[in-house]
Structure formats: structure tokens, C-alpha cells
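The following questions and answers walk a new reader through one structure. Please look at the sequence and the model before reading on.

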Amino acid sequence: MSNLHEECGVFGIYDFDGKDVASTVYYGLFALQHRGQESCGIVVCEDGMFYSHKDMGLVNDVFDDLTMKSFPEASMAVGHVRYGTTGGTNRTNCQPIVVNHQKGKMAVAHNGNISNAYELRNELELSGGIFHTTSDTEIIAYIITRERLVNTSIENAVLESMNVLDGAYSLVIMSATKLIAARDPRGFRPLCYGERSDGTYIVASESCALDAVGAKFVRDILPGEVVVFDDNGITSYTKHCNTKEKKTCIFEYIYFARPDSVIDNVSVHTARQKAGMILARKDHIKADVVVGVPDSGLDAALGYSKESKIPYGIGFIKNKYIGRTFIAPKQEERIDKVRIKLNPVKETVEGKVVVLVDDSIVRGTTSGQIVKLLRDAGAKEIHVRISASQFVNPCYYGTDIDSRENLISCHHSIDEIAKIIGADSLMFLENDELCELIGNNNYCAACFDGKYPTAIPNTKKNRFEMPLSKRQDK
Ligand code: SF4
């Protein structure tokens with residue numbers, strides 16, 4: 001409910017027996033749908049031929065029975081769900097991107113944002129490069145292709161490309177004979193692989209997608225690692241591992257990832273519970289009930305309740321059938337957008353002092369509407385507790401936290417924000433408490449603390465929609 005969008009989800013399968021791999025990708029993408037709802041796509045490789053279908057919309061809308069039957073039985077496939085953070089929202093930017101080059105074919109699915117996209121694309125365009133899309137993924141595909149022409153294998157091309165690419169990229173790449181998983185040296189975005197009992201390998205953004213297709217989690221792809229799946233089994237390349245400090249996005253744990261996923265050996269559900277527990281430990285409110293804002297506030301609310309011994313209650317029922325593509329009511333329709341998505345449970349909150357736990361406050365508008373829902377349902381006092389620190393900086397690594405102007409914490413004190421959203425009190429986590437969520441300091445929290453792990457990129461979501469001469473301003 002926080003007005004933030006996830007980035008993307010990637011999925012790949014290597015099946016020695018060559019069966020209906022497209023269906024597995026379809027179910028895997030379903031499990032990753034929370035990471036991107038704008039568009040999705042599947043590319044299947046059968047005997048060196050690529051069969052692709054991608055379009056705008058949710059997995060369920062883009063793939064019907066007929067489309068799924070059109071995919072051949074095959075041994076490899078890759079899939080992608082997208083929320084665009086570089087490049088416009090249109091069919092051209094759907095992924096996976098397929099490239100035909102002198103040495104064959106390649107499909108690329110990408111999660112993250114490369115931070116030197118602006119410089120790389122300018123350089124490529126000025127040397128005659130032609131781009132079909134406005135996303136940074138095509139830049140990655142271009143660089144890998146360029147390297148492939150002078151390298152003996154696709155994996156060497158990927159390894160060489162990693163010398164050039166900077167920023168966040170978790171990639172699943174498919175050639176005519178290989179499936180490749182690559183994670184940037186800082187490991188901003190998650191990426192893992194698993195195995196089915198029949199020996200089929202699955203690569204996915206999150207472990208919840210492995211569970212969904214019956215694969216056993218094997219391990220996370222290490223930051224900087226390239227893993228190749230082919231007829232010889234698995235080969236790992238660690239040339240880029242430990243070349244940069246690990247900086248996994250802390251907000252994956254707080255909001256983006258599914259709570260049933262495990263990222264780099266830390267359960268997302270546990271991390272969220274811990275966030276709630278930290279809030280409870282430093283709080284002195286004598287409340288009657290703790291409620292969470294669905295979905296990502298629920299685990300933290302449970303943690304708060306456990307630690308404080310204040311009973312946990314179901315504060316809201318969320319309409320499960322509303323996706324991101326939901327058409328918001330016009331102002332003259334006098335219909336409350338938030339009320340369509342969430343309905344408060346009066347019995348839980350009426351006449352009570354309520355602790356309301358949510359994952360973040362961005363502009364404050366949605367938080368204000370949620371607080372009002374509880375007030376209208378009869379809550380006596382509402383104390384808002386946020387299981388993250390305050391957003392004060394944009395993110396350049398694959399999310400849409402993009403402008404200080406829109407971040408309420410950049411313009412108001414905590415007491416002022418409480419007043420604006422109509423809460424009786426408000427509390428955030430402190431930056432130095434975030435490490436407790438995952439038990440180490442190897443994370444990026446730049447949107448909270450301004451400590452960017454890379455140079456600050458010269459990039460904006462729609463920058464590549466413009467000709468080169470108009471892309472100059474920061
Ligand atoms: S800036 Fe924030 S959202 Fe972006 S990668 Fe870092 S922690 Fe995650």
C-alpha cells in the first residue's frame with residue numbers, strides 16, 4: 001500500500017529431458033508476480049530455435065491456453081515479469097530481450113538497474129549502435145553480444161561484460177545450449193537456484209518461485225558469480241566475487257520480496273518480524289491491539305505484538321482481486337481508492353488504542369487514508385509504527401523511489417508527518433537498527449542513509465526515450 005513499485009523478476013529452467021518447460025516458467029512467473037505487474041514474457045529454446053511471447057499485463061492476462069500450447073517441448077526457457085525502472089512502459093520494453101548475433105542467439109532477462117547506463121548507451125550510440133528499446137537491459141545485451149564476438153564462449157562474454165557494467169543486475173541469460181545466471185558483484189538484487197528431483201535446474205529471483213515449481217532450493221548465486229547450466233551440469237565462475245563490498249538491498253527484506261522467500265540465508269518473514277520487534281522494544285505505548293497494513297506490514301506487526309505482548313488483530317481485509325492495473329476512480333466518483341483495496345475490521349479496532357504497523361511512508365497520502373479508515377471504524381487512538389527508516393533519497397538500483405520532492409520525510413519532521421497523516425504518534429526504525437534485520441552490515445540502505453555503493457548515476461526512468469542531445473541534465 002506504500003505507492004512503491006517493485007522492480008522485476010527473472011526465471012530460468014534447464015531440463016535435460018526436454019519437456020514442457022514453458023509451463024514451469026509460467027508458474028514460476030506467477031510466484032514472482034509481486035516483483036512486476038506491467039509486462040511479462042517467456043522465451044523457449046528448442047534445438048537452437050527461440051520461441052517467444054511477451055506483452056503488457058499480468059501473467060494470467062498475457063498467457064492463455066492457446067499461447068502456452070504454441071510453445072514446443074524444449075530443454076530450456078527463460079521468463080520475466082517487469083516493472084520498468086529504466087525505459088517507458090510499453091510493449092517494446094517487455095523482456096526477455098532476444099538478440100540474434102553472428103555467433104547465434106541469446107535471450108536476456110534482467111532485474112535491477114545498471115548505474116552507468118547513461119554513459120554506456122551514449123558511447124554505444126555514438127559508435128553506431130542501434131537500439132530497439134529504451135531499457136537498460138538492451139545495453140547489457142549489447143555489451144554481452146559485443147564481447148561474445150571476441151570471446152570463445154557465452155560465459156566468457158558475460159564475465160568480460162561484468163568489467164564494464166556497474167550497478168544492479170541479476171541476470172538470467174539463455175544461449176542455444178546454455179542457461180546462465182549472473183549476479184552483480186554487490187549482489188543488490190536476489191538470485192538463487194534450485195533443483196527438482198528429476199535433475200531439472202531452476203534459476204529464480206526469489207526462492208518462493210522454486211517452491212512453486214517443486215524445486216528444492218540449492219543456494220543463492222553469490223554476488224559477482226556466474227553459474228552455467230548445460231549438458232555438463234553446473235559450472236561456477238567466481239572471478240568477480242569479493243571484488244566489491246556486498247550490498248544487498250535492505251528494502252527487499254522490508255517490502256519488495258515475498259515473506260516466504262529466503263535471500264542470502266535470511267528469511268524475509270523473520271527479518272520483517274525482527275523489524276516489528278525492534279519497534280516494540282523502544283516503544284512505550286499502552287495499546288489494546290496491534291494491526292498490520294496488508295501485505296508487507298503484517299509480519300512486522302506480528303513481531304511487534306510478540307515483543308510487546310499486545311494482542312495481534314486482523315485490522316484490514318484486503319481485496320485479493322485488485323492488481324496494480326486497477327483503474328483508479330475519478331475524483332468526481334467520490335470513491336475512496338484505498339477503501340476499495342482495504343476494508344477495516346471494525347470489531348478489531350472500535351474503541352481501542354491501536355498500533356498500526358506499515359512498511360514505509362513515501363508521500364504520506366496513502367498512510368493518511370489508511371489512518372482515516374481506522375478512525376472511521378472507531379479506533380480511539382492510532383499510533384503508526386514503520387518497519388523501515390525514513391526515505392530521504394532516491395534509489396538508482398531498480399526501484400521507483402526516485403525524487404526527493406515526493407518524499408514526505410525530506411520536508412517534514414516526524415511530528416509533522418504524524419499530524420499530516422492524522423496519527424496520534426509516529427515512529428520509524430533508525431538507520432543503525434536496520435542491520436539487526438539481517439544480522440550483518442552487508443546491505444545497501446542508500447534511500448535511507450544516502451550512502452550510495454556506486455557513483456550516483458546520471459539516469460532517469462525515461463531518459464532513453466529522448467534523443468541524446470536532450471539527455472544531458474541530471
Ligand atoms: S537505495 Fe534503497 S531501495 Fe535502492 S537498492 Fe538501496 S536499499 Fe534498496
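Q: Which residues surround the ligand, and which helices give two or more of them?
A: In this predicted model, where local features need pLDDT of at least 70, side-chain atom pairs count only at pLDDT 80 or more, and totals for chains, interfaces and linings use all residues, the numbering starts from 1 along each chain as its sequence is written and side-chain values use heavy atoms, with hydrogens and water left out. A residue is near the ligand if one of its heavy atoms lies within 4 Å of it, and the residues around the ligand are R189, C249, I250, F251, C395, Y397, T399, I401, C444, A445, A446 and C447. Elements are DSSP runs numbered from the N terminus, helices being H or I with at least four residues and strands E with at least two, and those that give two or more residues to this shell are α8 (250-256) and α16 (446-449).

Q: How many residues of the shell around the ligand are nonpolar, polar and charged?
A: Here Ala, Val, Leu, Ile, Met, Phe, Trp, Tyr, Cys and Pro count as nonpolar, Asp, Glu, Lys and Arg as charged, and the others, Gly among them, as polar. By these classes, the shell around the ligand has ten nonpolar, one polar and one charged residues.

Q: What is the space taken by the ligand?
A: On a 1 Å grid over the protein atoms alone, a cavity is a set of points where a 1.4 Å probe fits but cannot get out, while a pocket is an open set with protein on both sides within 12 Å along at least five of seven lines, and lining residues have an atom within 4 Å of a point. A molecule sits in such a space if more than half of its atoms lie within 2 Å of its grid points. The space that the ligand takes is the largest cavity.

Q: Which element gives the largest share of the lining of the second largest pocket?
A: This pocket is lined by 16 residues, with V98, V99, I130, H132 and E138 nearest its centre. Two or more lining residues come from each of β5 (97-101) and α5 (136-148). The largest share, five residues, belongs to α5.

Q: Which strands stand at the edges of the open sheet of seven strands?
A: Two strands pair if DSSP finds at least two bridges between them, and the order in this antiparallel sheet is β3-β2-β4-β1-β10-β9-β11. Each edge strand has a single partner, so one side of it is left without a neighbour in the sheet; these strands are β3 (49-56) and β11 (216-220).

Q: Which residue in β10 stands opposite F11?
A: Strand β1 (residues 8-19) and strand β10 (residues 201-204) run antiparallel and are joined by four bridges. The residue of β10 that stands opposite F11 is A204.

Q: Which residue in β22 stands opposite V384?
A: The open sheet of four strands has parallel pairing in the order β17-β20-β21-β22, with β17 (289-292) and β22 (425-427) as its edge strands. Three bridges join β21 (residues 381-386) to β22. Opposite V384 stands L426.

Q: Where is P96, whose peptide bond from Q95 is cis?
A: Most peptide bonds are trans. The bond from Q95 to P96, however, is cis, with omega near 0°. P96 is found in the loop between β4 (74-82) and β5.
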